[in-house]
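Me: Can you take a look at this one with me? I'll paste it in below.

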Amino acid sequence: MEQLSQLLWSGYGPNRDDLKKTSASSRGKYPFDIYVFMSIGIFKYLPDENALELINNKDYRASTGTQDFVANASVDIVLVGVLEREADLGDVDLMKAKMDLDTGHVLQNMFMYAASEGLKCVPRGMFVEADLLKILELDSTKYYIPLTASIGK
């Protein structure tokens, strides 16, 4: 759990008094909610507290991707873009493009920490977004999943 805490903080935790985060964010919007899928359940990362909130106590890791190994990963990270946080752009495709850019910043930071701990990392674009949004009970017109990742030993 200590490694997971550091991993999440490295990717999206606050590191300044104004609660800006460790990762860069296009226009400073920080558009993501981060969900952690583990064998013990699904958790939402609360960056301002560097804490996890239990969302569901079922093992849905296999749903985070279409590759077999995702079901056995220590953790599967799902970045969920909140379109409302980019709403001033007006164009959904542009909102998603900005989120795609920010995805790289978040995962790069997480993967650098993971590498320092000897953990394996796999960013993944092979997943069914509609299935993940349904599991998370999120509306597809308000949320966007640009990428998922598996991290573990």
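Reply: One cut-off before we start: buried means under 20% relative accessible area, exposed means over 50%, and partly exposed is in between. Also, this is a predicted model.

Me: OK, use that on R27. Buried, partly exposed or exposed?

Reply: R27 has a relative accessible area of 37%. That lies between the 20% and 50% cut-offs, so R27 counts as partly exposed.

Me: Where does R27 sit, and what is its phi?

Reply: R27 is in the loop between α1 and β1. Its phi is near 65°, a positive value in a residue other than glycine. For context, most residues other than glycine have a negative phi.

Me: Which residue in the loop between α3 and β6 has a positive phi?

Reply: E137, which is in that loop between α3 (129-135) and β6. Its phi is about 55°, and E137 is not a glycine either. With a relative accessible area of 71%, E137 is exposed.

Me: Switching to the sheet. What's the strand order?

Reply: β3-β2-β1-β4-β6-β5, an open sheet of six strands with antiparallel pairing. The edges are β3 (51-56) and β5 (120-124), each of which pairs on one side only. On average, neighbouring strands are turned by 25° against each other, direction ignored.

Me: And which helix packs on it, touching β1, β2 and β3?

Reply: α1, which also touches β4 (75-82) and β6 (143-152). The direction of α1 makes about 160° with that of β1 (32-38). Then there is α2, which lies across β1, β4, β5 and β6 and runs at about 15° to β6.

Me: How many residues of β4 are buried?

Reply: Eight of the eight, so β4 is largely enclosed by the rest of the structure. Both faces are covered: V75, I77, L79 and G81 are buried on one side, and D76, V78, V80 and V82 on the other.

Me: What about the pairing of β4, how many bridges on each side?

Reply: Six bridges with β1 and seven with β6, antiparallel in both cases. V78 in β4 has Y35 opposite it, and V78 also stands opposite T148 in β6.

Me: And β2 with β3, how many bridges there?

Reply: Five, with β2 (residues 41-46) and β3 running antiparallel. F43 stands opposite L54 in β3.

Me: Back to the helices. What are the angle and axis distance for α1 and α2?

Reply: Helix α1 (residues 2-12) and helix α2 (residues 92-116) pack at about 145°, and their axes are 7 Å apart. The crossing is right-handed.

Me: Which residues make that contact?

Reply: From α1, Q3, Q6, L7, L8, S10, G11 and Y12; from α2, V106, N109, M110, Y113 and A114. By type, that contact has seven nonpolar residues, five polar and no charged.

Me: Y12 has a ring. How many aromatic pairs does a search of the whole structure find?

Reply: Two. One of them is Y12 with Y30, an edge-to-face pair at 6.2 Å centre to centre with 70° between the planes.

Me: What does the pair of Y12 and Y30 tie together?

Reply: Y12 lies in helix α1 and Y30 in the loop between α1 and β1, so the pair ties together parts that are 18 residues apart in sequence. Both Y12 and Y30 are buried.

Me: Which residue joins Y12 and Y30 in an aromatic cluster?

Reply: F32; the three form one aromatic cluster.

Key:
Residues numbered from 1 in each chain as written. Predicted model: local features only at pLDDT ≥ 70, side-chain atom pairs only at ≥ 80, totals over all residues. Heavy atoms only, no water. Axes fitted to C-alpha atoms, helices over the stretch in contact; angles between N-to-C directions. Helix = DSSP H or I, 4+ residues; strand = E, 2+ residues; numbered from the N terminus. Left-handed = near helix turned anticlockwise from the far one by under 90°. Contact = heavy atoms within 4.5 Å. Nonpolar A, V, L, I, M, F, W, Y, C, P; charged D, E, K, R; others polar. Pairing = 2+ DSSP bridges. Phe/Tyr/Trp six-rings, centres within 6.5 Å; stacked < 30°, edge-to-face > 60°. Buried < 20%, exposed > 50% of the residue type's maximum accessible area, 1.4 Å probe, protein only.
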